[in-house]
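Biologist: I would like a close look at one part of this model. Start with the overall picture, then go in.

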Amino acid sequence: MEIRSYGQDAAPKLAQDSRNIEGYAIVFDQESEVLYDRQNKRYFREIIRSGAVTQDLLAHSDVKALLEHTIGRMLARRYNGSGTLSLTVDAHGLKYSFEAPTTQDGDYAVEMVRRGDLFGSSFAYMTDENNVQYERKGNMLYRYVNKIDWIGDVSIVSDPAYMGTDVSVRSLEKFYPEDRKDEYKEEVAELRKLSEN
């Protein structure tokens with residue numbers, strides 16, 4: 001499972017004088033910040049392409065709206081196309097919307113979004129590596145996600161920075177073969193500097 005987070009125009013918003021929270025869990029065709037694959041200790045950028053999420057996928061999924069990807073802090077749910085969580089795909093990405101429940105977590109979400117303390121939108125997903133393409137541009141590896149196979153949750157998060165998310169990328173190894181790792185030391189040092197800025 002992989003997690004991605006967005007801020008700025010994807011951030012959760014609260015409709016004036018209401019408990020309705022909406023935002024974009026996925027933004028299409030937007031280049032990510034530099035991501036880090038902890039398992040293989042490698043850097044890359046990712047782009048989720050338009051069309052990676054379909055209405056058919058959403059109609060046959062169980063997607064939960066959570067606080068900070070914590071299952072015990074559920075705010076809404078869409079199961080097989082219906083429920084309290086609205087998910088729509090448009091040209092910008094995957095938009096979510098829900099009425100915050102009158103629970104402790106619902107009240108917390110409303111207040112923290114209103115104050116601007118929770119300002120990121122995120123989602124957890126899986127895809128088959130056959131749905132992904134890689135390309136090297138200069139010193140950077142780009143990962144293009146053409147199709148998402150599963151979405152587990154959309155979350156409101158306090159830190160939308162990409163570098164704070166967990167990433168597991170199995171097929172990066174062919175771009176950084178183990179027997180040639182010494183050739184990449186300089187490149188890795190440059191990428192580390194880039195990610196620290």
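What share of the 197 residues of the protein chain counts as buried? After that, please take me through strand β6 and what surrounds it.

Modeller: This is a predicted model, so confidence comes before geometry. The average pLDDT of the protein chain is 78. A score of at least 70 is reached by 72% of the residues. One stretch needs care: residues 161–181 stay under 50 in pLDDT. The model still gives that stretch 61 contacts beyond four places in sequence. Where pLDDT is low, predicted coordinates should not be read in detail.

Now your first question. Of the 197 residues, 48% count as buried. The protein chain exposes about 10000 Å². Carbon and sulfur atoms supply 47% of that area. The secondary structure comprises three helices and 14 strands. Take the contacts between residues at least 6 apart in sequence: 68% of them join residues at least 24 apart.

Now to β6. This strand covers residues 62–67. Five of its six residues are buried, so the rest of the structure largely encloses it. Two pairings involve β6. Strand β7, residues 70–79, is joined to β6 by six bridges. That pair runs antiparallel. Within it, A65 faces A76 of β7. The other pairing is with β14: four bridges, running parallel. There, L67 of β6 stands opposite I156. In a regular strand, side chains alternate between the two faces of the sheet.

Next, the turn. β6 and β7 make a hairpin, with two residues between the strands. E68 sits in the loop between them. Its phi is near 50 degrees, a positive value in a residue other than glycine. Most residues other than glycine have a negative phi. E68 has a relative accessibility of 33%, so it counts as partly exposed; the buried class ends at 20% and the exposed class starts over 50%.

The far end of β7 leads to a similar topic. N80 lies in the loop between β7 and β8, residues 82–83. N80 is not a glycine, yet it has a positive phi of about 50 degrees. With a relative accessible area of 41%, N80 is partly exposed.

Back to the parallel partner. β14 spans residues 150–157 and holds I151. I151 is buried because its relative accessibility is 1%, against a cut-off of 20%. Leaving aside neighbours within four places in sequence, the contacts of I151 include D62 and V63. L57, L58 and V53 are also among them. So which other residues does I151 touch, beyond those five? I26, L94, A124 and Y125 are in contact with I151 as well. For I151 and L57, the C-alpha atoms are 8.4 Å apart, across 94 residues of chain.

I26 leads on to the core. In soluble globular proteins, nonpolar side chains tend to be buried together. Here the largest nonpolar core has 37 residues. I26, F98 and I148 touch the most other members. Helix α2, residues 104–115, contributes most to this core, with four residues. A second, separate core has six residues, among them Y43, I47, M140 and Y142.

I148 deserves its own list. Beyond four places in sequence, I148 contacts I26, V53, L57 and Y125, among others. Its contacts also include I48, A52, F123, M126 and T127.

For comparison, here is another hairpin. β12 and β13 form one with two residues between them. In that turn, G138 has a positive phi of about 60 degrees. The two strands pair antiparallel over six bridges, and β13 covers residues 140–145. Two facing pairs help to place the register. Q133 stands opposite Y144 in β13. Y134 has R143 as its bridge partner.

This hairpin belongs to an open sheet of four strands, in the order β4-β5-β13-β12, with mixed pairing. β4 (35–37) and β12 (132–137) are the edge strands, each pairing on one side only. From one strand to the next, the twist averages 40 degrees.

To return to your request: β6 is largely enclosed because five of its six residues are buried. It pairs antiparallel with β7 and parallel with β14.

Key. Residues numbered from 1 in each chain as written. Predicted model: local features only at pLDDT ≥ 70, side-chain atom pairs only at ≥ 80, totals over all residues. Heavy atoms only, no water. Buried < 20%, exposed > 50% of the residue type's maximum accessible area, 1.4 Å probe, protein only. Contact = heavy atoms within 4.5 Å. Areas by Shrake-Rupley, 256 points an atom, 1.4 Å probe, with all protein chains shown as cover. Core = buried A, V, L, I, M, F, W, Y, C linked by side-chain atoms within 4.5 Å. Pairing = 2+ DSSP bridges. pLDDT = per-residue confidence, 0-100. Axes fitted to C-alpha atoms, helices over the stretch in contact; angles between N-to-C directions.
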